[in-house]
Amino acid sequence: MTEVTPDAAATRLRRSPLHERHTAAGAKFAPFGGWEMPLEYTGGGVLKEHTAVRTGVGVFDVSHLGKARVTGTGAVDFVDACLSNDLGRIGAGRAQYTLCCDDATGGVVDDLIAYRYADDHVFLIPNAANTAEVVRRLSAAAPPSVTVTDEHEAYAVLAVQGPRSADLLAALGLPTDHGYMSFSPATLDGVELTVCRTGYTGELGYELVVPAAQAVPVWDALFAAEPAPRACGLAARDTLRTEMGYPLHGQDLSLEITPVQARAGWAVGWDKPAFWGRDALRAEKAAGPVRTLRGLVALERGIPRPGMTVRVGDTVVGAITSGTFSPTRKEGIALALIDTAAALADGDQVEVDIRNRPTPMRLTRPPFVTPSVR
């Protein structure tokens, strides 16, 4: 394997159209999904940024997220026959969490949001690193009447999250009264954008899908309005989503971790006649998974991290997939894949090897905080 220097690797990272705004705000950057994105900001840091979202309003640049468009006669029916959830459950103007699974194994290629504009128009937001693969699979399967377009860098996405997020958007004249998992077109100072009632934090929130060329004026308008938001980076995004028990692809979902194992069966249209991975997932569901994703709360000081071993006595029963310090609870929390053969129930105690020290943790069912998305 050829060694790649940090500078050489950095030159291959994509950058958000808001990169200069982040630099001016004192952002600390990190590579994520092939992009150089803000991790946290000077004068903020994870704890302040996390707290801003739980108590006020924070703004994340999540332009690294993918964007793909499926258009043409039968677009909804085509997407529905590929992705796991049932698009027939929602109408135009609604969004849906869904999964792109491998047809042979049922493993998760990616988890994404599908926006249903019309029967012939679906907009998809996959994860950054998986966009090309999702587009490739859809393109390969698409009938002649359907076109799949990768629009990854054509749009920026700004996540406005927190109990005062509606106040901030209303101050700019943007719509805020549409229901959870719905979206509305809008205009801000001549910029046409889409206001989506979605998010990844567990709080009331919105995501603004903006043409990349107009991202800077929209960002500036948000930070010139009241209530004043705090710029938030990916580190706070991770602590917020972990407190909610939301999965991160590559850790809690992957080609090796199916929706059945990840307890994401609620995002599967089990009665649909076709979707990728249907046969494998129905068989796994019927037989019962060999492992399932569970929540853990630390009973002593210690921060669990991905890859750490979970034990009962001398027996290994699983491994941490996501772990962090919860700023809200002031204790360590984690998601872990636990062997079903261990027959452990919520409330049972296990031990996690944290820095070679067995640390007691209690099994629980996420979320770790009370959801406020609605």
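Trainee: How many disulfides does the structure hold?

Mentor: Zero. A disulfide here is a pair of cysteine sulfur atoms within 2.5 Å. Cys82 is in no disulfide, as the nearest cysteine sulfur, that of Cys100, is 7.9 Å away. This is a predicted model, where local features need pLDDT of at least 70 and side-chain atom pairs count only at pLDDT 80 or more, while totals for chains, interfaces and linings use all residues. Residues are numbered from 1 along each chain as its sequence is written, and side-chain values use heavy atoms, leaving out hydrogens and water.

Trainee: What makes Cys196 too far for a bond?

Mentor: The closest cysteine sulfur, in Cys232, is 19 Å from the sulfur of Cys196, so the two are too far apart for a bond.

Trainee: Why does Cys82 count as buried?

Mentor: Buried means under 20% relative accessible area, exposed over 50%, and partly exposed in between, with a 1.4 Å probe and protein chains only. Cys82 has 4% relative accessibility, so it counts as buried. Cys196 is buried too, at 2%.

Trainee: Nice! How many aromatic pairs are there in the whole structure?

Mentor: A search finds seven. Rings of Phe, Tyr and Trp (its six-membered ring) pair if their centres lie within 6.5 Å; planes under 30 degrees apart are stacked, over 60 edge-to-face, and the rest tilted.

Trainee: Why is the pair of Trp219 and Phe223 called tilted?

Mentor: Their ring centres are 4.6 Å apart and their planes are at 40°, so the pair is tilted. Trp219 is buried at 6% relative accessibility, whereas Phe223, at 29%, is partly exposed.
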